[in-house]
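Student: I would be grateful for a close look at one part of this protein chain. Please take me through it step by step.

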Amino acid sequence: MPSPVAFPDVALPESARRLRGEVRAFLDEERARGTVLGRPDSWLAGWDPGFSRRLAERGWVGMALPTEYGGAGRGFLERYVVIEELLAAGAPVSAHWVSDRQAGPSVLQHGTEEQRRFFLPRIAAGQCFFSIGMSEKSSGSDLASVATRAERTADGWRLTGTKMWTGGAHVNDYAIVLARTDDAEDRHAGLSQFIVDLRAPGVRVEPIRLMSGEHRFNAVHLEGVDVPDGMLLGRRGDGWQQVTGELAFERSGPERYLSTFPLLVSLLRELEQRRATAEQLTQVGILTARLLSLRQLSLGVAAALDAGASPDTQAALVKDLGTRLEGTLVDTVRSILPTPADPYATPGSHPELLAFALLHSPGYTLRGGTNEILRGIITRGLEQHS
């Protein structure tokens with residue numbers, strides 16, 4: 001069934017209305033196919049390469065990439081419409097998610113022409129999937145303390161270290177890895193990014209399972225992995241600037257407040273079957289108002305990216321407010337309708353969706369940077385503009 005909550009096309013071009021209708025028609029087809037199940041956290045947990053390729057055939061993967069590299073050249077606002085509808089429907093988009101969201105834009109901005117010609121058409125075709133190799137055991141939010149080393153060899157680099165919480169590394173093709181190439185007094189200096197083949201000799205992927213038992217994240221052990229010179233992304237020593245720019249893509253999208261939206265949809269369907277009280281409806285209204293406010297903030301970031309800006313502070317604000325709302329939404333749904341969460345209930349039923357969202361909820365405010373780190377970024381950004 002389509003979502004009973006429709007997003008207004010505020011601050012979007014007329015073409016977005018037509019595009020939204022096309023995406024909804026596609027999702028209806030996929031529901032009939034049985035691929036769109038309306039699950040929370042679908043951008044993390046919904047792995048379906050076939051679905052990603054069918055999206056790509058319609059030009060909805062790599063939408064903001066230039067046509068000369070296989071993209072659609074449609075910009076970030078139109079891409080926003082597509083991913084908003086996909087997330088609201090709980091569609092299985094995790095296979096191409098990182099490639100589309102940040103690996104593609106990073107390669108476009110910092111990559112060599114050879115890298116662009118090789119990777120971008122494959123990303124846009126839904127045939128090349130990426131992971132993020134940033135966090136480490138003692139370098140999660142404190143990213144500048146990464147210990148992974150890249151030592152110079154005769155024809156490239158040798159990487160040694162362990163990356164933690166690397167989503168999809170057991171099924172993806174490549175990872176963009178942040179490593180230290182040079183020692184420097186300023187720990188933000190001397191960092192570089194590399195495109196690492198996850199099937200290369202010396203790459204060992206170890207599962208990190210969620211409380212639900214799901215295998216989504218990994219420890220990626222780089223045990224002397226040889227990386228050719230041509231897989232250095234950007235300039236040596238520019239890794240910190242590249243990573244922080246990349247985080248604007250990672251932190252600002254609608255996935256930062258729509259991960260639990262399918263649970264709200266489920267609640268509304270449950271309330272349709274019974275006589276909702278005024279208090280229950282008021283709580284739903286408050287959640288909806290917060291969602292729409294965050295949507296406007298997130299749209300503003302998409303517009304800034306379309307204009308070529310790097311809205312790091314605004315992106316951090318979206319992520320901080322959005323992921324807090326995700327947790328609040330789960331708690332509010334439980335208080336409005338105190339149905340016992342049951343992971344073994346009928347798939348797609350309200351008790352099963354509630355259990356799924358609860359088991360994923362500890363990660364909402366952690367992934368992509370903890371809220372404490374984000375508030376530091378927001379404070380510094382405000383100070384710079386005061």
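Tutor: Two strands count as paired if DSSP finds at least two bridges between them. With that in mind, we may examine strand β3 and its partners in this predicted model.

Strand β3 covers residues 156–163, and five bridges join it to strand β2, residues 149–153. The two strands β2 and β3 run antiparallel, and a hairpin of two residues links β2 to β3. One pairing can be located exactly: E151 has R158 in β3 as its bridge partner.

Strand β3 is also paired with strand β7, which spans residues 215–228. Here eight bridges are found, and β3 and β7 again run antiparallel. Within this pairing, T160 has E223 in β7 as its bridge partner.

We may now turn to the surroundings. The domain assignment places domain 2 at residues 132–237 and domain 3 at residues 251–384. In the contact between domain 2 and domain 3, five residues come from domain 2 and six from domain 3. The centres of these two domains, taken over C-alpha atoms, are 30 Å apart.

The size of an interface is often given as the accessible area lost when the parts come together. Between domain 2 and domain 3, the buried area is about 500 Å², and carbon and sulfur atoms give 69% of it. On the side of domain 2 that touches domain 3, two residues are nonpolar, two are polar and one is charged. Between domain 2 and domain 3 there are zero salt bridges, while one residue pair, both at pLDDT 80 or more, is in polar contact.

Methods. Residues numbered from 1 in each chain as written. Predicted model: local features only at pLDDT ≥ 70, side-chain atom pairs only at ≥ 80, totals over all residues. Heavy atoms only, no water. Domains from an automatic or database assignment. Contact = heavy atoms within 4.5 Å. Buried area = accessible area lost by both parts, 1.4 Å probe. Salt bridge = Lys/Arg side-chain N within 4 Å of Asp/Glu carboxyl O. Polar contact = N/O pair within 3.5 Å; in protein donor to acceptor, adjacent residues only side chain to side chain. Nonpolar A, V, L, I, M, F, W, Y, C, P; charged D, E, K, R; others polar. Helix = DSSP H or I, 4+ residues; strand = E, 2+ residues; numbered from the N terminus.
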